[in-house]
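Me: I would like to learn how to read a protein structure, one feature at a time. Could you walk me through this one?

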Amino acid sequence: MKQNRSLFRRFLKAHFIFIFLPPIALIFFSAFVGFSDIHEKDLNTLNLFYVTVLLFGFIIVAFVILSWVFFLKLQKRLARLQEVMSSSAKNNSFPKPISVQADRMDEIDQLGSSFNWMIQQLEDSRKRAYEEELLRHRLIANLSHDLRTPLTILRGHVTKLNKESMSLEGQNSLTEINHTITRVGDLMDDLLTYTLLTSGKHPFGPVSTDIGRLVRASVAAWYPVFEEKEIQLDVDLPADETFYWEADPTWMTRVLDNLFQNIIRHAAEGKYANIVVDVEKEQIIVADRGPGMDNSSYERGAGIGLSTSNYMLKKMKLTADFTSNENGTRVAIGRA
């Protein structure tokens, strides 16, 4: 941006004029105008001293006043700019553009103009990011909806083929196809849920929740599934003691469902699951004896579901601490 006027150059010019102009004028007047003989007799050494003192006193006072006025105006303009910046930082919002005098356009106005340009660029970037996020959410929602129809058709054909006579290998293939269809459907549900969560469209209602009771209800709902997979359940759920969290019961149930589902999918070979409600530490502990999260099977299936669970826990001011190795995985849910 082209600089029209310099604030500091004007400051130096004004001070130069008030400091050097009076002595130069006095010297010029004395050299070229002179004094008459009468005046020369009347103007003694004491009078010259007074004139000199008054002259330098005027110069000092003018210098102080000009400096004070200059720095006072400078401080006010910088304080106004700093106030706009600090106000936006406290409110976690974009600052409003500051007023700039285009006819003056000194260094402070240039700084304000650059600040306004930065605000405009950030605002445009935020709008683009918001539009891209809306487009991505809409695309995911549409894909999740459109893919259900072909999956339903595939499942119908699998059901028909199951009624036909075929070899054991063919039956195993149909079972695997059916399992894959179910898995894809679950992944679409997880993806849609995560999209709704991150877009703020998933209902969230935190209330004082009895965690012991909620975990017992979840374990009871999943018990037949664990029993079908022949997974030994080691449960420690105190009946007489409990603790409360400000949490959404539906979200907490979804988090536990995801953990139990991961045990079924990726740690069923361990044939063991440990579910504990630690009232003293106010924690929910879920452990298994599977191959661990470093196993490729675990990594393929744990992405979206765990991301959704972590997002829900963070929203409820909770955290999940994962400990995993080749001997199993342990998850401890507690306050953040």
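Reply: What follows is a short tour, from the whole chain down to single residues. Please keep in mind that this model is predicted.

Me: Let us start with the overview. How many helices and strands does the chain have?

Reply: The chain contains 10 helices and 7 strands. Of its 336 residues, 30% count as buried. The accessible surface comes to about 22,200 Å², and carbon and sulfur atoms account for 59% of that area. You can also look at how the chain meets itself: among contacts between residues at least 6 apart in sequence, 75% join residues at least 24 apart.

Me: Where should I look for a nonpolar core, and which residues have the most contacts inside the largest one?

Reply: The general idea is that in soluble globular proteins, nonpolar side chains tend to be buried together. Here the largest nonpolar core has 35 residues, and V215, F226, W245, M252, I284 and I333 have the most contacts inside it. Several elements give two or more residues to this core, among them α7 (211-228), α8 (249-266), α10 (303-315) and the strands β3 (244-247) and β7 (328-335). The element that gives the most is α8, with 8 residues. There is also a second, separate core of 5 residues, including L151, V158, L174 and I181.

Me: Can we zoom in on one residue of the large core? Which residues does I284 touch?

Reply: Leaving out residues up to four places away in sequence, I284 touches I211, V215, W245, M252, L256, V276, V331, A332 and I333. Let us follow one of these, V331, which sits in strand β7. V331 counts as buried because its relative accessible area is 5%, under the 20% cut-off. Its own contacts, with the same sequence neighbors left out, are L259, I284, I285, V286, A320, D321 and F322. V331 and I285 are 46 residues apart in sequence, yet their C-alpha atoms lie 5.6 Å apart in space.

Me: Now the helices. How do I read the length of one, say α6?

Reply: You compare the distance between its end C-alpha atoms with the span expected at 1.5 Å a residue. Helix α6 covers residues 168-198, 31 in number, and reaches 45 Å, close to the 45 Å expected. Its buried residues are G170, L174, I181, R183, G185, M188, D190, T193, T195 and L197. L174 and I181 are also among the members of the second core. After α6 comes G200, with a positive phi near 75°.

Me: Which residues other than glycine have a positive phi?

Reply: Two cases are worth a look. K271 has a positive phi of about 55° and lies in the loop between α8 and β4. At 38% relative accessibility, K271 counts as partly exposed. E282 also has a positive phi, near 55°, and lies in the loop between β4 and β5.

Me: How do I read a salt bridge, and how many does the structure hold?

Reply: Side chains of opposite charge can pair when their charged atoms come close. This structure holds 2 salt bridges. In one, R126 and E123 meet at 2.9 Å, N to O. Those two residues are 3 apart in helix α4, so about one helical turn separates them. R126 is partly exposed, with a relative accessible area of 44%. In the other, R335 pairs with E282, and the closest N and O atoms are 3.0 Å apart. This pair links distant parts of the chain, 53 residues apart: R335 is in strand β7 and E282 in the loop between β4 and β5. Both partners are partly exposed, R335 at 49% and E282 at 26%.

Me: Is W68 buried or exposed?

Reply: W68 counts as exposed because its relative accessibility is 57%, over the 50% cut-off. W68 belongs to helix α3 (residues 45-91). Together with V61, I65 and V69, W68 forms a nonpolar patch on the surface, with about 400 Å² of accessible area in total.

Me: And N116, buried or exposed?

Reply: N116 counts as buried, at 17% relative accessibility. N116 is found in helix α4 (residues 107-146). Not counting residues up to four places away in sequence, N116 touches P97, I98 and V100.

Note on methods: Residues numbered from 1 in each chain as written. Predicted model: local features only at pLDDT ≥ 70, side-chain atom pairs only at ≥ 80, totals over all residues. Heavy atoms only, no water. Core = buried A, V, L, I, M, F, W, Y, C linked by side-chain atoms within 4.5 Å. Buried < 20%, exposed > 50% of the residue type's maximum accessible area, 1.4 Å probe, protein only. Helix = DSSP H or I, 4+ residues; strand = E, 2+ residues; numbered from the N terminus. Contact = heavy atoms within 4.5 Å. Expected span 1.5 Å × (residues − 1). Patch = residues over 30% accessible without salt bridge, like charges linked within 9 Å, V, L, I, M, F, W, Y side chains within 5 Å. Areas by Shrake-Rupley, 256 points an atom, 1.4 Å probe, with all protein chains shown as cover. Salt bridge = Lys/Arg side-chain N within 4 Å of Asp/Glu carboxyl O.
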